[in-house]
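Colleague: I'm new to this one and could use a guided tour. Could you show me how to read it, one feature at a time?

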Amino acid sequence: MQNAKGSREAISPSSYPADLARNEPTSELLSELVAHLRQNRTLLREGWVTSITEARLLTAMTQEEIFAEATSVYDSYVAALETGTFEALQAYARNLSERIIPRGVETHEVVGIVLLLRDVLARSLFAKYQADFEKLNRILDAYEPAANRIANTVAVGFVQERERVIRQQQEAIRELSTPVLQVRERLLILPIIGVIDPQRARQLTEQLLRGIRTNRAKVVVIDITGVAAMDASVANHLVQTVEASRLLGATVIVTGLSPEIAQTLVTIGVDLGKMNTVGDLQGGIEQAERLLGYKVVPSN
Amino acid sequence: MEVPILKQGQFLIATIQAALSDADLVQLRTALVRQVVRFRSLGVIVDVTAMDVVDSFASRTLLEISRMIRLRGADTVIVGIQPEVAFAMVQLGLTLEDIPTALDLEEGLAYLQQKFTTTD
Amino acid sequence: MTQEAQIPISSDKDVVLARQQGRLLALQLDFSISDATLIAMAISELSRNIVSYAGTGTVILKGIQGSGRIGLMIVAADAGPGIADIALAMRDGFSSSGGLGLGLPGVRRLMDEFDISSEPGRGTTVTGKKWRL
């Protein structure tokens, strides 16, 4: 038997195409296919689970768990083939992902098991229709685009869920690690350390502004001693932070401005004369206290 | 929708509600100028806490209010700009230039009071 | 994702309506309050441009999907006089409100994707997209 797969042309997976020079319409072929998959459900599912284990996928899950999920996936798979709609499958995929991602299951595993299922089912079709080569070709023609679409849907659903989880975790980390410190009444300090990308800069700005409102801050000291370099877009963010803070009634003092960063600011058009800058953090805090009306008593 | 203007001693307080039309803002400007003259107020607080968007027209009008009131010898303080709104405003380059701003009504009043009692 | 709204723009009241709908749609799409505000501001500016320069036009707001992300698309279109020099209109002076006072550089900063096409005498279409983080 030839390898029929390679010789067939790609069919758009977005809809079930009407068969042209063939005998039965695609939908009838698929009904036949679906019936076959349902009839042999137990056998095929078992074969699939075995191949999953052999391929050393889903090692984070127990056999019972794999079996349970495999049953649901199998049924959803067949239902998608039957109805030609993928919303339910997509919803299920995200649902499944929500369950298995905390278990440590990875993207390549999910893609792997769906492709294994596709192959297990394809092989059973080969076995069933091997006597009728024409029919086998037609059935595979109907099956392949749908099977590929299913694999894609499940993979995308998993990846989306995974990305959502990662975003949530990153957000939580950032919230924990952003230091908007209230050192005195009405005085906030925001020490910025390390490399700042635009997204982080945006997040710092938002947290600072919220902090100004929550703490009723009147002066903010932004210390950038620990920032090595700043590109134009982040420098812009700094200026915008100063301006936005002012709109909330707070004065901003920038401390720790290195000559390089000062240069960057000048390059983007900032009038440093208008920006309130002090050499170091300590000096900045003292000036802030003066602004707030505290008497600064030198320590002996 | 007319913006309510309250008199508090020597100051006027205008509290803006959300969903203000352009015409309402212009009307506020006229009303504030008139009332500053009428009551010889020393300061005006415009409370924009309820404004969920302060766009270019609103910014321009607030600036106009400040200028016109200054011509009548009074100060204007804008209070209550929300953090998200402030962020969006600076992205659009709407900085309200040199108009004094404060966190809220309380801070706005404190600012005006401080300014006008330093002659003690 | 079939949330879509079309708002005819011909007065400042429509500007308010358009940005309120934009804010609502953004919140429905699970954007943060911060981003919903940015979106509302962008819509406000674009709608104002329509009223100021073209008299009438349309704003279309649509929930969109792309590369697995969810976003909001704003299309502001008019059949007005058009912009002769788009480069000038888009010139971003630091903290300025746009070369021609259209605020377009600012709107571009608010959006993740921005596109403008304009033909003098034919009209202008501005498209902006914001993706949910």
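**Reading the chains and their cores**

Modeller: Sure, and keep in mind that this is a predicted model. Let's begin with burial: in chain B, which has 120 residues, 48% are buried.

Colleague: How many helices and strands are there in chain B?

Modeller: Chain B has five strands and four helices. Starting at the N terminus, their order is β-β-α-β-α-β-α-β-α.

Colleague: And what do the contacts in chain B say about separation in sequence?

Modeller: Take the contacts between residues at least 6 apart in sequence: 75% of those in chain B join residues at least 24 apart.

Colleague: Now the cores. Which residues have the most contacts inside the largest nonpolar core?

Modeller: They are A:Val220, B:Val44, B:Ala86 and C:Ala42, in a core of 103 residues. Helix H2 of chain C, residues 33-54, gives the most to this core, with 10 residues. A separate, second core has 37 residues, among them A:Val49, A:Tyr77, A:Val78 and A:Ala93.

Colleague: What does C:Ala42 touch?

Modeller: Leaving out residues up to four places away in sequence, C:Ala42 touches C:Ile74, C:Val107, C:Leu110, C:Met111 and C:Gly128.

Colleague: Last one: how many residues does each chain give to the contact of chain B with chain A?

Modeller: Chain B gives 13 residues and chain A gives 13. On the side of chain B, helix H3 (83-91) and strand S5 (101-102) each give two or more residues, and H3(B) has the largest share, with six. By type, that side of chain B has nine nonpolar residues, three polar and one charged.

Technical notes:
Residues are numbered from 1 along each chain as its sequence is written. Chains are lettered from A and ligands numbered from 1 in the order in which they are written. This is a predicted model: local features need pLDDT of at least 70, side-chain atom pairs count only at pLDDT 80 or more; totals for chains, interfaces and linings use all residues. A nonpolar core is a set of buried Ala, Val, Leu, Ile, Met, Phe, Trp, Tyr and Cys residues joined through C-beta atoms within 7 Å. A residue is buried if 20 or more other C-beta atoms lie within 10 Å of its own, exposed if 12 or fewer, and partly exposed in between; C-beta atoms are placed from the backbone. Two residues are in contact if their C-beta atoms, placed from the backbone, lie within 7 Å. Ala, Val, Leu, Ile, Met, Phe, Trp, Tyr, Cys and Pro count as nonpolar, Asp, Glu, Lys and Arg as charged, and the others, Gly among them, as polar.
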